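Please read the points below with the structure open beside you, and check each one against what you see. They are written as a colleague's note, and each takes up one part of the structure.

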Amino acid sequence: MSSAASDSGSPPLLAIVGNPNCGKTTLFNALTGLRQKVANYPGVTVEKKVGECFGLHGQRLQLIDLPGAYSLNARSPDEAVLRDVLLGRRSDTRRPDRVVLVLDASNLERNLYLASQVLELGLPTIIALNMVDLANAKGWQIEARVLEEALGVPVVLCQATTGKGLVELKAAMSQSELPLSRWQAVELAEEVRAALLAIRAELALGGMVGQTASLLEPLYLLSDHDPLHAGFRQGQLGQIERGRAKLEQSHPGWEDRLADARYAAIEQLCARVLRRPGQEPVSLTSRLDRWLLHPVFGAVFVLGLLVFLFYLIFKVAEGPMGWIEEGFGSLGQWVSHWLPAGDLRDLLVDGAINGVAGVVVFLPQILILFFFIGLMEDTGYMARLAFLMDRVMSLVGLNGKAFLPFLSSYACAVPGIMATRTIDSPKHRLITILIAPLASCSARLPVYLLLISALMPGEVSVLVKALVLVGLYALGTLGAFVLAWVLNRCILRQVDEAMVLELPSYKMPSLRGILLLVWQRARAFLLRAGTVIFGISILIWAASTYPKHDSADASVRLEHSVAGRVGHFIEPVIRPLGYDWKIGIGLVASFAAREVFVNTMAVVYAVEDNDEDSASLRQRMAQEKRADGSVLYTPGVCLSLLVFYVFAMQCVSTMAIVRRETDSWKWMWVQLAIMSGGAWLLALLTYQVSRWW
Amino acid sequence: MSFFSTLAELSAGQSAVIEALSSGRAAMTRLREMGLNPGARVAVIRRAPLGEPLEVSVRGSHLALRLREAGQIRVRLTDVASQGGQA
């Protein structure tokens, strides 16, 4: 028996635990409403969701929504976090006082696997048997009382989507005394137990576990297969691996036997708890999948869905993005009107307001993409998309879950990289993040269009220009695939992962849950990435403004600024690519955002009234000569620049989001080096080859 | 009548009982934890349009596997006619 009040006097902490797709988050949302906070567990990119609700008698209960997992033998940082929180191993999260185990009744056998592991941990537990309606639709009858009797903990039937059973669940959660489970699914073999005792003593010497820790703690640490080893310090890893090797040598296949034994016990339990008909009625999910996974109709549906998504991100987002730009533009004008000319006004208008606008302008695309992703995740279609696309993505060593994040990156890499959170394999997630910015995003389009028209003056047919444009998209895609293929062989090579994808039953989406997800993503973007983007925008603005020069000519002022000097400074590096220092200024200024290249070149060449299709800029570029009088923008230079912009990073927002989503500076710099270094080499190759023609 | 084969060789609609999985590979251990253990009934529901992955149903859940892993699961064919049943 255990008392509900924790030692510290703060409200008891209840952990919500369950498999992916068991309705855990829906239940958490239903219990806490909007009283929840989202943050990251320090050191890993796993979301930490905490909230509060009130028990039946008004007492406060703290809730933590732990990541969905199939097993305490962790295979991803998500599962490692669940293991460590439940074992009380994380210094940033106290060990929960109680556990609410959410089980999908229509998938009870598999859900009982994690449950059997969690019940052994010695925490007072309540079982929330969710999705009973789906189980009933399969013709199953569930003897909840038999389950309760066998496990020795309260079992509450509920339906998180409709709120059914929530009152009963809260009543169980607020009981002052809760029994511990009496179900022991497996007994450790005597020799494994002895080996674990010895290993525990060794781990305790290194301070990894307490002397009196349950044997389950060394057991789950030894069976950690998370390639990122979340929750371990560098020195601890060696000890764990030595322990694992020792156990594997003396008892080969012990993990496999343990898993089999668990299912044997679960089968026996289910034989008493579940009454299943000999022939199940054809479920709604099966009927839908006959169409949605059909070789022809399924493909047509995917194509239609993607066209619709791209229409939303490209076209529908355009409106709000325009309003945001106009809005901040008017705000700038208003400030300019009221403030006297000077450094302060320039800082506010050209630095700060522009910087904020540069962050907020991403919001429409992020909101739309995450609404769409939320809808696909909630209904269960996302797994089907991954199923259909898996073969294609496997060609470059990724799996089907990487498809949507990569595809979204053609609109913008920022939401695309944020969407990689749906990829559970840490290796695939990292590779997808690294290749995503090679998809030609919409910010490249103005640069492409300008350079294509410089490459091919007016008389060339639109069709040829369109073909060049398609070629650029293909080039970026090829680059991404080659990079994925190479990375797959270089990073995290020792990882042995099987592609297992669960295809959950289709469900009605919860609008509230989706809106909450969209809001949480948007907020995280503004707070974490937005501040960095804002800071760098101001830096780039300052670099192209200071030191000041008194000339009335903007191009002269730019030439004398830090950016102008850097343009001169890097000329030796970019001359082999066919560029001069003026293009160098464009490269430097557009480091924060590619599309800035067009405006910067207009300033460099002192083109007034840069109109929509930059006609005057194009004419001016055609006249630009080198010091020796030859034409600067030869086809070779234009092609070289195009290739450069296909591959080069040139986007601080992407760098900020990569830094956040990988939780490491290292990968951000590695990616910058690969992309911009690769861009330099390929642009060099392009220009030098073009000179042979 | 029963004969042996691997899960990868079954066609859509066939069901079987798992005989054995290769042991000691971390990736295969995860498949066991997802319910693919010796003795479990498993049915192949369909293949993805490009031939891979394979959708199987086991213990009431539907999982997609690649042929590489499915080829390491030895099964005993039980009932060719049944369309999955309660596997």
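1. In this predicted model, V50(A) stands opposite I64(A), a residue of β5(A). That pair belongs to a longer pattern, in which strand β4 of chain A, covering residues 47–54, and β5(A) pair in the antiparallel sense over 6 bridges. The two strands form a hairpin with 5 residues between them, and within the turn G58(A) has a positive phi of about 85°.

2. Strand β5 of chain A, residues 60–65, also pairs with strand β2 of chain A, residues 13–18, and here the strands run parallel and are joined by 4 bridges. As a place to begin tracing this pairing, take L13(A), whose bridge partner in β5(A) is Q62(A). When you follow these strands by eye, remember that in a regular strand the side chains alternate between the two faces of the sheet.

3. Turning to the contact between the chains, how many residues does each chain give? Chain B contributes 36 residues and chain A contributes 44 residues. The area buried between chain B and chain A is about 3500 Å², and carbon and sulfur atoms give 52% of that area.

4. The contact also has a charged and polar side, with a count of 8 salt bridges between chain B and chain A. A salt bridge to look for in the view joins the side chains of R32(B) and D260(A), with 2.6 Å from N to O. Between the two chains there are 20 residue pairs in polar contact, counting pairs with both residues at pLDDT 80 or more. On the side of chain B that touches chain A, the largest share, 7 residues, comes from α1(B), and the residues of that side divide into 13 nonpolar, 11 polar and 12 charged.

5. Strand pairing crosses between the chains as well, since strand β12 of chain A, residues 500–502, and β5(B) pair in the antiparallel sense over 3 bridges. Within this pairing, L65(B) in β5(B) is the bridge partner of V500(A).

6. A word of caution concerns confidence in chain B, which averages a pLDDT of 87, with 87% of the residues scoring at least 70. In chain B, confidence is highest in β4(B), at 96, and lowest in strand β6, residues 73–79, at a mean of 86. Over residues 81–87 of chain B, however, pLDDT stays under 50, although the model has 17 contacts beyond four places in sequence for this stretch. Where pLDDT is low, the predicted coordinates should not be read in detail.

Key. Residues numbered from 1 in each chain as written. Chains lettered and ligands numbered in written order. Heavy atoms only, no water. Contact = heavy atoms within 4.5 Å. Buried area = accessible area lost by both parts, 1.4 Å probe. Salt bridge = Lys/Arg side-chain N within 4 Å of Asp/Glu carboxyl O. Polar contact = N/O pair within 3.5 Å; in protein donor to acceptor, adjacent residues only side chain to side chain. Nonpolar A, V, L, I, M, F, W, Y, C, P; charged D, E, K, R; others polar. Pairing = 2+ DSSP bridges. pLDDT = per-residue confidence, 0-100.
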